[in-house]
Amino acid sequence: MPAVESAMFPLGKQAPSFALVNAIDGKIVRLEDVKSDVATVIMFICNHCPFVKHVQHELIRLAHDYQPKGVSFVAINSNDAEKYPDDSPENMKKVAEELGYPFPYLFDETQEVAKAYQAACTPDFYIFDKELKCVYRGQLDDSRPNNGIPVTGASIRAALDALLANQPVSEQQKPSIGCSIKWKE
């Protein structure tokens, strides 16, 4: 399957609101519940994509490194779970518990949230400032499966470090690359 790039959600645009079920505990999580006064990282991921599997451990490291600094993280899976049962809420819970995800893992069953964020691939990353304005969208770092570049989260870390230092986030941003979101027909 060919890799797909991020659609590059407009910088400065307000984060679309959502209310989705957390596959880990079955509770509804709203954007307002996870919003941070520092930065909010929203990640579109899934269970089966090799691009996501390649970075899963770095997502956990990022959260552990930046949550103590007031940054919040939330992951959303918008894939069609009927056609891709690996991405069902039951399997989302299983993966999140096995890996120890320190963030909610939400299921976007209607795919409306992915459409609102113009998410195109997994993984797809967004960072919103304290006013929920988009300051970053794109890749985790330059690593891809089998390209030999270590997974460091450098692109996300640079954006978060700029926000934490009250500096502007560079507008030079590369799109994420991954599997297409598995849209329902």
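**Exercise 1. Salt bridges within one helix**

In this predicted model, Lys93 forms a salt bridge with Glu97; determine how far apart the closest N and O atoms are, where the two residues lie, and whether each is buried or exposed.

*Solution.* The closest N and O atoms of Lys93 and Glu97 are 3.2 Å apart, which is within the 4 Å allowed for a salt bridge. Both residues belong to helix α3, where four residues, about one turn of the helix, separate them. For the accessibility, buried means under 20% and exposed over 50%; Lys93, with a relative accessible area of 33%, is therefore partly exposed, and Glu97, at 48%, is partly exposed as well.

**Exercise 2. A pair in α2 and its network**

Find the N to O distance between Glu58 and Arg61, classify each residue by its accessible area, and state which residues are linked with them in a network of salt bridges.

*Solution.* The side chains of Glu58 and Arg61 meet at 2.8 Å, N to O. Since the two are three residues apart in helix α2, about one helical turn separates them. Glu58 has a relative accessible area of 3%, so this residue is buried, whereas Arg61, at 40%, is partly exposed. The network of salt bridges links Glu58 and Arg61 with Asp65 and Arg157.

**Exercise 3. A pair that joins two loops**

Which parts of the chain does the salt bridge between Asp142 and Lys174 tie together?

*Solution.* The closest N and O atoms of Asp142 and Lys174 are 2.9 Å apart. Asp142 is in the loop between β9 and α5, while Lys174 is in the loop between α5 and β10 (177-180), so the pair ties together parts that are 32 residues apart in sequence. Asp142 is partly exposed at 37% relative accessibility, and Lys174 is partly exposed at 45%.

**Exercise 4. The sheet and the helices on it**

Establish the order of the strands in the open sheet, identify those that stand at the edges, and describe how α2 and α3 are placed.

*Solution.* The seven strands follow the order β3-β2-β6-β5-β4-β8-β9, with mixed pairing. The edges are taken by β3 (28-30) and β9, and because each has a single partner strand, one side of each is left without a neighbour in the sheet. Strands β8 and β9 run antiparallel and are joined by four bridges; Tyr126 stands opposite Arg137 in β9. Helix α2 lies across β4, β5 and β8 and runs at about 155° to β5, while α3 packs on the sheet by touching β5 and β6, its direction making about 175° with that of β6.

Notes
Residues are numbered from 1 along each chain as its sequence is written. This is a predicted model: local features need pLDDT of at least 70, side-chain atom pairs count only at pLDDT 80 or more; totals for chains, interfaces and linings use all residues. Side-chain values use heavy atoms; hydrogens and water are left out. Two strands pair if DSSP finds at least two bridges between them. Contact means heavy atoms within 4.5 Å. Axes are lines fitted to C-alpha atoms, for helices over the stretch in contact, and angles run from 0 to 180 degrees between N-to-C directions. Buried means under 20% relative accessible area, exposed over 50%, partly exposed in between (1.4 Å probe, protein chains only).
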